[in-house]
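Please walk me through this model. Keep the answers brief.

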Amino acid sequence: MRLDKHLHQCLGISRSQASLLLRAGRITVNGTIAKSGSLHVNEQDVILLDDNNLQAPGENLYYFMLHKPQGYVCANADANHPSITQLFDLPRADELHAAGRLDVDTTGLVLVTNDGQWSHRVTSPRKQCEKIYRVWLAEPISDDTSKQFAKGILLRSETQPTRPAQLEIVTPREVLLTIHEGKYHQVKRMFAAVGNHVERLHREQIGALVLDANLPEGDFRALTAKEISLF
Ligand code: URA
């Protein structure tokens, strides 16, 4: 496939926009700056825009955003609860998995795919991909919680403190928390560590990808090539 066609598929940009990126020297193919859109590329080539990997969606690879409702598990099998894969009325839904899990009672954004390499990039601790959660609390937030989270706190049975996290206070019992890692039950454990309790938890954002405001709970939609290339 021609490089400019590949750029069009990954980024949703026109041929002339692709040639601007190429002329600016921002596209590399296997480590070499590519200047021409007519260059032939294939699936084995590593194509980067600046430092971002541009992988065109393969023929049998699927990528979705799901608005997870309560009561579903992100694992593919569970004795007590239905799996999120049951929300996908697609022929090969059993091949899908969550790129980063939510607890059974947590709602919000889950990325769902059958591309293991892609989900690894979403969840890899090295990438420190940010996740934004809306949190409803049992107790009004204490004055010093923002500072404690910004410094990092040691959770029970962990040896390393949490990475600096950012807290935005919406009301005394409703906050937005941004974390850059994904330890087990991390948000609930962080609030437990400062003497509070999470009553309801909803994920709004993963990296630059925000849950569509008009996507009803239980519904999903395919990601665009541009959204897939964010990771
Ligand atoms: N942190 C939690 O405690 N639960 C989730 O579902 C996600 C993050």
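Q: How far is an oxygen atom of the ligand from an N or O atom in the side chain of Thr106?
A: This is a predicted model, where local features need pLDDT of at least 70, side-chain atom pairs count only at pLDDT 80 or more, and totals for chains, interfaces and linings use all residues. Residues are numbered from 1 along each chain as its sequence is written, and side-chain values use heavy atoms, with hydrogens and water left out. The pair joins a ligand oxygen to a side-chain N or O of Thr106, and the distance is 2.9 Å.

Q: Which residue has a polar backbone atom 3.0 Å from an oxygen atom of the ligand?
A: Backbone atoms also take part. A backbone N or O atom of Gln186 lies 3.5 Å from a ligand nitrogen. The 3.0 Å distance to a ligand oxygen belongs to Lys188.

Q: How much of the ligand's accessible area does the protein cover?
A: Residues surrounding the ligand (a heavy atom within 4 Å) include Leu102, Asp103, Tyr133, His185 and Leu201. On its own, the ligand has 240 Å² of accessible area (Shrake-Rupley method, 1.4 Å probe). The protein covers 94% of that area.

Q: Which residues of α5 are buried?
A: Helices are DSSP runs of H or I with at least four residues, strands runs of E with at least two, numbered from the N terminus. Buried means under 20% relative accessible area, with a 1.4 Å probe and protein chains only. The buried residues of α5 pack against β8, α4 (145-151), β9 (166-171), β10 and β11. They are Gln186, Val187, Arg189, Met190 and Phe191.

Q: Which residues touch the most other members of the largest nonpolar core?
A: A nonpolar core is a set of buried Ala, Val, Leu, Ile, Met, Phe, Trp, Tyr and Cys residues joined through side-chain atoms within 4.5 Å. The largest one has 30 residues. Those touching the most other members are Val135, Phe149, Leu177, Val187 and Phe191.

Q: Between which domains does this core lie, and why?
A: The elements that each supply at least two residues include β5 (63-68), β7 (107-113) and α5 (186-193). Domain bounds come from an automatic or database domain assignment. Both domains give residues to the core, so it lies between domain 2 (63-125 + 209-228) and domain 3 (130-206).

Q: Is Thr28 buried or exposed?
A: Thr28 sits in strand β1 (residues 27-29). Leaving out residues up to four places away in sequence, Thr28 touches (heavy atoms within 4.5 Å) Ile33, Ala34, Val46, Ile47 and Leu48. With a relative accessible area of 16%, Thr28 is buried.

Technical notes
Buried < 20%, exposed > 50% of the residue type's maximum accessible area, 1.4 Å probe, protein only. Polar contact = N/O pair within 3.5 Å; in protein donor to acceptor, adjacent residues only side chain to side chain.
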